[in-house]
Amino acid sequence: MTTLTTDRVIIVGAGLGALYAALKLAPRPVLVISPETLGIGASSAWAQGGVAAAMSKTDSPEAHALDTMTAGAGTVDPAIARMVTAEAQAHIFGLTDLGTPFDRDAQGGYVMSREAAHSKPRVVRVKGDQAGREIMQALIGAVRETASVQIAEGVLASGIEVEDGAAVGVWLEAADRPSTRILLRAPAILLAGGAALAACSR
Ligand SMILES: Cc1cc2nc3c(=O)[nH]c(=O)nc-3n(C[C@H](O)[C@H](O)[C@H](O)COP(=O)(O)OP(=O)(O)OC[C@H]3O[C@@H](n4cnc5c(N)ncnc54)[C@H](O)[C@@H]3O)c2cc1C
C-alpha cells in the first residue's frame, strides 16, 4: 500500500461546484481530482436552461426563496433556500467577472426568462441554451491560470480514509488502471462529485 501526504485541500470532482470552490479557496493550495480531462464527464457542462437569480429591480431574494419553497412542497430547508437565493446575484456577477458571456439586452442588462415555478423572469442564460458549457469553459480557463490550483486528470476517488471519526485522506486510482490505488492524506477534503458521485469502496 502506498501512502502519500499533501498540504493541499483535496477537492473530489471537477464540475461547476468543484472548480468554483477551487477558485474561491485561492490562494489556498488545492488539488482537484477529475476522472477525465476537465470539462468531460461533469453534468455541469450539459445544463442548458440557465441559472436562477433575483437580478431585476422588481424581484427580490425573498420572493425567489418563497417560490423555491412553494415549488418544493415541504422538501426545502427554508434556511438553505434563503441563503442560496440571497447569494445568487453575487455569484452571477462573479461568474461574469470570470468571463461567462451571459446574454445581455440593448441596455447591457441580463436577459432573463421565466421558467417553471418562478413568479418572475429570473433565469439568466448564455447563448440561449449554452449556460452549462459556457460557465464551465470560463471556470476551466480560470483554474488553469490559478497557481494555487493543481489538477489531477484521469484520477478517480475510490474511498475516504476515516480515523477517529474524521476524514483524513482519499483513496485514489488511475481511472483506467484500478490496480494503482494509493492513499493520499490531506488536511481537508471537499466532496463535489455531483449527484452521480461514484460509489466509494471504503
Ligand atoms: C441535462 C441537464 C440539464 C440541466 N440543466 C440545468 C439548468 O438549466 N439549470 C440548472 O441550474 N441546473 C441544471 N442542471 C443541473 C446542474 O447541471 C447540476 O445541478 C450541476 O451542474 C451540478 O454541479 P456539480 O459540480 O455538483 O456536479 P457535476 O457537474 O455532476 O460534477 C461532478 C464531478 O464529480 C466527478 N466525480 C464523480 N464521482 C467521482 C469520483 N468517485 N472521483 C472523482 N471525481 C468524481 C465527475 O466526474 C464530475 O467531474 C442540469 C443537469 C443536466 C444533467
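This note sets out numbered points on the fold, sheets and helix packing of a predicted model.

1. Overall composition. The chain contains four helices and eleven strands. Its C-alpha atoms occupy a box of roughly 60 × 35 × 30 Å, taken along the principal axes. Of its 202 residues, 39% count as buried. Among contacts with a separation of 6 or more, 58% involve residues 24 or more positions apart.

2. The parallel sheet. An open sheet of four strands runs in the order S7-S3-S2-S11, with parallel pairing. Strand S7 (149–153) and strand S11 (189–191) are the edge strands, and each pairs on one side only. On average, neighbouring strands of this sheet are turned by 20° against each other, direction ignored. Within the sheet, strand S2 (residues 9–12) and strand S3 (residues 30–34) pair in the parallel sense over four bridges. The register of this pair may be read from Val9, whose bridge partner in S3 is Val30. Helix H1 packs on the sheet and touches S2, S3, S7 and S11. The direction of H1 makes about 160° with that of S2.

3. Packing of H1 against H4. Helix H1 (residues 16–25) and H4 pack at an angle of about 35°, and their axes are 10 Å apart. The crossing of H1 and H4 is left-handed. From H1, the residues Leu16, Leu19, Tyr20 and Leu23 take part, and they meet Ile135, Met136, Leu139, Ile140, Ala142 and Val143 of H4. In terms of residue class, this contact has ten nonpolar, no polar and no charged residues. H1 thus appears in two settings in this note: it touches strands of the parallel sheet, and it also packs with H4.

4. Ile140 as a local probe. Which helix holds Ile140? Ile140 lies in helix H4 (residues 131–144). Its relative accessibility is 9%, and the cut-off for burial is under 20%, so Ile140 counts as buried. When neighbours within four places in sequence are left aside, Ile140 is in contact with Leu19, Leu38 and Gly39. Leu19 is also one of the H1 residues listed in the contact with H4. Ile140 and Leu16 are 124 residues apart along the chain, yet their C-alpha atoms are separated by 9.2 Å.

5. Packing of H2 against H3. Helix H2 (residues 61–72) and helix H3 (residues 78–97) pack at an angle of about 140°, with 8 Å between their axes. Angles over 145 degrees would count as roughly antiparallel, and the pair is therefore classed as oblique. The crossing of H2 and H3 is right-handed. H2 contributes Pro61, His64, Ala65, Thr68 and Met69 to the contact, while H3 contributes Pro78, Ala81, Arg82, Thr85 and Ala86. By class, the contact of H2 with H3 has six nonpolar, three polar and one charged residues.

6. The three-stranded antiparallel sheet. A further open sheet has three strands in the order S4-S6-S5, and the pairing is antiparallel. Strand S4 (51–52) and strand S5 (112–113) stand at the edges with a single partner strand each, so one side of each has no neighbour in the sheet. S4 pairs with strand S6 (residues 123–124) in the antiparallel sense over two bridges. In this pairing, Ala52 has Val123 of S6 as its bridge partner.

7. Strand S9 and its two partners. Strand S8 (residues 155–163) and S9 pair in the antiparallel sense over eight bridges. Glu163 stands opposite Ala166 in S9. Two residues lie between the strands in the hairpin of S8 and S9, where Asp164 takes a positive phi near 50°. S9 also pairs in the antiparallel sense with strand S10 (residues 177–185), here over five bridges. In that second pairing, Ala174 stands opposite Arg177 in S10, and a hairpin of two residues joins S9 to S10.

8. Burial of S9. Why is strand S9 largely enclosed by the rest of the structure? Seven of the nine residues of S9 (residues 166–174) are buried, so the strand is largely enclosed by the rest of the structure.

Definitions and conventions:
Residues numbered from 1 in each chain as written. Predicted model: local features only at pLDDT ≥ 70, side-chain atom pairs only at ≥ 80, totals over all residues. Heavy atoms only, no water. Buried < 20%, exposed > 50% of the residue type's maximum accessible area, 1.4 Å probe, protein only. Pairing = 2+ DSSP bridges. Axes fitted to C-alpha atoms, helices over the stretch in contact; angles between N-to-C directions. Parallel < 35°, antiparallel > 145°, perpendicular 65-115°, else oblique. Left-handed = near helix turned anticlockwise from the far one by under 90°. Contact = heavy atoms within 4.5 Å. Nonpolar A, V, L, I, M, F, W, Y, C, P; charged D, E, K, R; others polar.
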